[in-house]
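Subject: Structure handover

Hello,

Please find the structure below. My notes on it come after.

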Amino acid sequence: MPKRTRFTTWRPLATAATAALVATLLTPAAADAAPRESRPVHSYDDAIREAVWVDTGLDGDRDGKADRVAVDIVRPREPALQGRKVPVIMDASPYYSCCGRGNESQKKTYDANGDVNRMPLYYDNYFVPRGYAFVGVDLAGTNRSDGCVDVGGRSDIQSAKAVVDWLNGRAKAYTTRTGTTRAKAAWTNGKTGMIGKSWDGTIANGVAATGVEGLKTIVPISAISSWYDYYFQQGAPLYDSGPEWLSDYVNSPDARAKCAAVQQKLVDGAPRTGDWTPLWTERDYVRAARKVKASVFLVHGMQDLNVRMKHVGQWWDALAKNGVERKIWLSRTGHVDPFDFRRASWVETLHRWFDHELMGYDNGIDREPMADIERAPDQWTTSKTWPPSGTRAATLRPDRGAQAGVGTLGLHRGHGTATFTDDPELSETDWAAQIDKPTPEKAGFVTRPLTRDLRLSGSSEVTVAATPSTPTAHLSAVLVDIGPATIRDYADAGEGITTLTDRTCWGASTAGDSSCFKETKAKTADVDYTIVSRGWADLGNHASGLTGAPLTPGKRYTITLDLAATDHVVPKGHRLALIVAGTDKGLIDPPADRPELTVDLSRTSARVPFVGGAAAFTRATTGAASATPDATPLDGVRDPRTAHRVPEGSQ
């Protein structure tokens, strides 16, 4: 881990006068040669710690008073004494009290005055000495805030947006939760960057989608872009409960006593039918991407089965369409923070990103490759743009093979049919393990062994023409890389990491707030296949992405399943497989019936984005001998764990 000491050592300056002098020299306007990096010249021990309550303008708990959200602030004292204003890094979260933040589930703690003593994570320890203020916001209905959690709706988003408004002089705040003494944010220049993992990053997406002035950048990590797609995909339920369960999970005891009306709205507005309702429109940030003014540094695990990669593809594409400045990191982990899978590089990159976006330093990060992508555990590559230029969708078509039940995958239109019966006790790992053997619960199609590497980059889609035997049916489509590899074990409890006992330190510490965190390492598995991308749908949604309808047994329907975005290289010698099946155990819920489905291969296809397009696929599959099917089951990761119902950040 190169350059570790740069980030793990805190050296306090000898005197406050020296700190003030260096800080002045580091101010862009004070030097002919503009600085390229903020430095830890301010005392973390002496930092100002305070709390304010910002008026959201809402009354979610219906107590006749506007809801106020608690805002805990840690900011450097020296700039305030010099009359200099500082930018803000903000994390708005529902987890500061109920569940904790980060791999060690840290919660806020407070001193006798009610000011924050320990702020979870390392952001304040690292960035406050470098001239940033850090702000931790309790979402409405959580911890010390008024109001109710509404799971990504107006209350959640306004909780954070109101704080950005206050930092820019457009909203009111008070020194206490119920008092009348006003608090001003005269210490900040209003430039705000939001960061956070999971629900926290989701709030950053939502606030950016309001177009609020003053929000300069967001860093959403493993974040949701549309809440419908957290609970459903094209009508197929991903969980056995709705947002009312999640709201109750994080609401404070005070909020639980007052928020029955909000809970009922969540129940009524999110029917388990999977139909799109106005509740989901309010919580769809993708549709409002045109309003985003902030730059976006997006981080996600390509094997995240909690907040799934569909959120990345649709958000990224919408931002690109609207010309938003973007950067992306894609790991091979599950729902894991980059601090826990690439720590030194992450802190350095995040530091440079905030310096560029909030301090205005010309450090070149905007001219570097757009994407960092993990190819294998701890092995990273970059792409100038993402998806890379020259990436084009190729239409792949399944066909019958030489052996019944073991099909082929190529560019020519298929013939005949394939039939399978939904078995809700089996998952994608069961299907992939038996890819070279006919089994009753799947239809599988495989290319020849590749003669050269083939790179997929972006979002795929699979169009299936299927005839069900029952009035209800769910479909799954999975792309699989068939061949030996060592991968991060995303199905393990750590979702691709193992937490160690040794600690490294990232910034300054106080007695109440340590900057030292447990180290991690990659948790790997040797496998015979790798799941590349997945997608699901309720066949009843064939006519509309918004509503479903009962099926007529014996009638053919056509539906296109959206597969999650990815970036994956299928190596030379491996094969690419497409699997079409029913219930993907642990990842979607089964339909009411147990249908048999007959797939019309002549009307079924997959559009897959390859770097080099169809020509690259042709080159990679030309001249190879067909693989001889082997009845021996292939080894992979264990079955997907029962899907999360909580988009939280702790492991």
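The notes below cover a helix pair, a nonpolar core and a strand.

This is a predicted model, in which local features need pLDDT of at least 70, side-chain atom pairs count only at pLDDT 80 or more, and totals for chains, interfaces and linings use all residues. Residues are numbered from 1 along each chain as its sequence is written, and side-chain values use heavy atoms, with hydrogens and water left out.

Helices. The axes (lines fitted to C-alpha atoms over the stretch in contact, with angles from 0 to 180 degrees between N-to-C directions) of helix α5 (residues 154–167) and helix α6 (residues 199–208) come within 9 Å and cross at roughly 75°. Helices are DSSP runs of H or I, at least four residues, and strands are runs of E, at least two, numbered from the N terminus. In contact (heavy atoms within 4.5 Å) are D156, I157, A160 and K161 of α5 with W199, I203, G206 and V207 of α6.

Core. The largest nonpolar core (buried Ala, Val, Leu, Ile, Met, Phe, Trp, Tyr and Cys residues joined through side-chain atoms within 4.5 Å) has 104 residues. Buried means under 20% relative accessible area, with a 1.4 Å probe and protein chains only. W166 and W199 are among the residues with the most contacts inside this core.

Strand. Seven of the seven residues of β28 (residues 575–581) are buried, so β28 is largely enclosed by the rest of the structure. R575, A577, I579 and A581 point one way, and L576, L578 and V580 the other. Strand β19 (residues 442–446) runs antiparallel to β28, joined by five bridges; F445 stands opposite L578.

Regards

Methods
Buried < 20%, exposed > 50% of the residue type's maximum accessible area, 1.4 Å probe, protein only. Pairing = 2+ DSSP bridges.
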